[in-house]
Structure formats: structure tokens, C-alpha cells
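Thank you all for coming; I would like to walk you slowly through one model this morning, beginning with its sulfur links and then turning to its helices. Please have the sequence and the structure open as I speak.

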Amino acid sequence: MLSVYMRLRYPNMVAGALAASAPILSTAGLGDPSQFFRDVTADYERLAPRCKDAVRGAFHQLKELAENQDYRRIQEKLSLCKPPSSPEDIYQLNGLLRNAFTLMAMLDYPYSTHFMGNMPANPVKVACETMLRASGLLENLRDTAGIVYNSTGALGCFDLYSLYVQCADPTGCGLGSNSLAWDYQACTEINLCYDSNNETDMFPPMTFGETERNIYCSKRWAVLPRPRWLQTQFWGDALSAASNIIFSNGDLDPWANGGVRKSLSSSLIAVNIPGGAHHLDLRGSNDADPESVIKARKTEADLIAQWVKMERTRLRTPKQ
């Protein structure tokens, strides 16, 4: 997103931009708030329709236990360090579990990665295999979350409030100081109002709209969001006057449909990558790369070379 904004704001200094997996429309408050978790769900459904049903069924069992306040059973089935004791704890648990599926969808690379924990190759496939095992749905849900939170197997239990922190980004802020910076930015500039609803997606209903965002940000940071700031400062979807920007997106990435998927002009180019997860084209080459990302990288390199050539020509041309 920053590369787009740099090109828009400083076209005299920046010859072009490669905006990989940049959801510049949805974060500007444009689009459907149900899109993100619908697309997370689609990744699992694409692999195996029964996988989506199993996840939804597991969350339904969790909901029934919570409604009956059978907190000890929830602790036992999901290996929690402490039993939940309130609806707030259940909401936190649902957020932690939903976040695990979100991360695996974003990082669904054909090889293992280690920059956001230790993720196996094809984590969505591994998750579905785990959810469709013969044992109980809640145990399978626990083990699937463990792919993200307990990849080494060292944890004896899941601590709800240390493994996952609620914030102004319902897709997850992460942990540590970087997460605090992103949370503040999501309370001031970046719109991340995404809902799950258990109808278009497989997750429990969890609403995070402008009202919830205002309440959270006022309480947490003593600020009120500026929902139209990005549209004003960085054009929103009125991009036709811009030039020399590549918008690349992988079709496995739940952020993709919050960005530009169709070319807007001869120099505002959409590069779609079948079988690509979040910014796969920006990662180093790997023997497991699909042919689609190899082609995408070549397209991007060729376009960047054209921009550099044009800029050199412009700088060498004597001014009249």
C-alpha cells in the first residue's frame, strides 16, 4: 500500500510502484465488510467442501457448550490453560481460533515458512486434514489451531490472552511493539472493519464495524478513527489519472479482493497469480513455486525495466 501512496504522492521522485497484495480499496473503507472472512473460508472450501463444514460444526459445538456455561468441558476439549468464565472469554477464544485459520490462509505457500511462527508447506491442506480426522470436532479444532500456536508441540495448554490480542484489526495485529503501532494506525488511518457472520463464512458471528471501532479506539488510544482519510489523501478508487503501478494478487490471499484485480489502464496493471498466497511474488524463488508466480515475477521485472528506461530517457533529454 505504501508503494502505491508513494507513487501517487511523489510521481516526480518515484518512477513506478509494485503493490503486492495491497488491499488499498477495502482499507480505504470501500467494499464489503464480509469479504475478508468469506475469502478465508473459500480457501478451505476450495480444498475440500467438507473442511468448511467441519470447522463450522466445531464452532457450533463450542457455542452450545458456552451457552450452557460448560466452561470446564471447553477447557478440556481445547486444552486451555484456564477455563473461560464469561462471554468475553468466549469471544476472545473465538478470535484466537479464527485468527489461526486466517494466518494459514494468508501464508498458504507451497513450502514451509518461519517468519510468522513455523508454518508447514500448504498449511490450509494440513489444516483440513486435521479437521477431517476421525476424532471429535473440538479436539480437531484444537489441533488445527495448534498448527499456528503450538507448531513445536512445546505448549501444554493454550493461554487465551497471551497467544492472541484483540485490536482494531480483526484479522489480527500480532504481538509485541509492532502490533501496538499497527493497532494505533488501524485506529486512525487504516480501515479494517471486517465481520464474520457464520452465513457467508464458517466462523462465529463477530461484528467489527464503525461503531465497534469507535468504542475500541476511544477506550484503547483516546482517539477517534478518520474513516475517509485514505479516500481523501490517497484517492480511494479514483485511480484513473495515476500511472506506472502494478497491482499483484494471489487468488489464495484473502486480502486480494480488497485490492485492484483488473487493469485500469495500459500503465495500471493488475497481475493475478493463480495458486498464490499473500505477496508470494515478493518472496525469494523456491523450487516449489507454481509456474504462475514465476511468470508474474517476469512480468513485473519487464514492466519495472520499462519504467527505468523511460525515466533515464526523460532525465537525459535536454530541457528546452
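When I say disulfide, I mean a pair of cysteine sulfur atoms within 2.5 Å. Before I use the word, please keep in mind that this is a predicted model, in which local features need pLDDT of at least 70 and side-chain atom pairs count only at pLDDT 80 or more, while totals for chains, interfaces and linings use all residues. Residues are numbered from 1 along each chain as its sequence is written, and side-chain values use heavy atoms, with hydrogens and water left out.

How many disulfides does the structure hold? There are four, and if we number the bonded cysteines of the protein chain in sequence order, the pairing reads 1-3, 2-4, 5-6, 7-8.

Let me take three of these links in turn, starting with the one that joins cysteine 51 to cysteine 128, where the S to S distance is 2.2 Å. The torsion about that S-S bond is about -90°, so this disulfide is left-handed. The pair links distant parts of the chain, since cysteine 51 sits in helix α3 and cysteine 128 in helix α6 (residues 123-131), 77 residues apart. By helix I mean a DSSP run of H or I with at least four residues, numbered from the N terminus. Cysteine 51 and cysteine 128 are both buried, where buried stands for under 20% relative accessible area, exposed for over 50% and partly exposed for what lies in between, with a 1.4 Å probe and protein chains only.

The next link joins cysteine 167 to cysteine 173, again with 2.2 Å from S to S, and here the torsion is about 100°, so the disulfide is right-handed. Cysteine 167 counts as buried because its relative accessibility is 10%, and cysteine 173 counts as buried because its value is 14%.

Cysteine 187 and cysteine 217 form another disulfide, with S to S at 2.0 Å, and with -85° about the S-S bond this link is left-handed. Cysteine 187 lies in the loop between α9 (177-186) and α10 (210-221), whereas cysteine 217 lies in α10, so the pair ties together parts that are 30 residues apart in sequence.

Why is cysteine 193 not bonded to cysteine 217? The sulfur of cysteine 217 is the closest cysteine sulfur to that of cysteine 193, but at 8.5 Å it is too far for a bond. Cysteine 193 is nevertheless buried, with a relative accessible area of 17%.

Now to the helices. Helix α5 (residues 87-106) packs against helix α7 (residues 137-149) at an angle of about 60°, with the axes 9 Å apart; the axes are lines fitted to C-alpha atoms, for helices over the stretch in contact, and angles run from 0 to 180 degrees between N-to-C directions. That makes α5 oblique to α7, given that angles under 35 degrees count as roughly parallel, over 145 as roughly antiparallel, 65 to 115 as roughly perpendicular and the rest as oblique. Among the residues making the contact, meaning heavy atoms within 4.5 Å, are Leu96, Phe101 and Met104 of α5 and Leu141, Ile147 and Tyr149 of α7.

Finally, in helix α4 (residues 71-78), the buried residues are Tyr71, Ile74, Gln75, Lys77 and Leu78, and what covers them includes α3 (49-67), α5 and α7. Just after α4, serine 79 takes a positive phi of about 55°.

Key. Helices (H or I, at least four residues) and strands (E, at least two) are DSSP runs, numbered from the N terminus.
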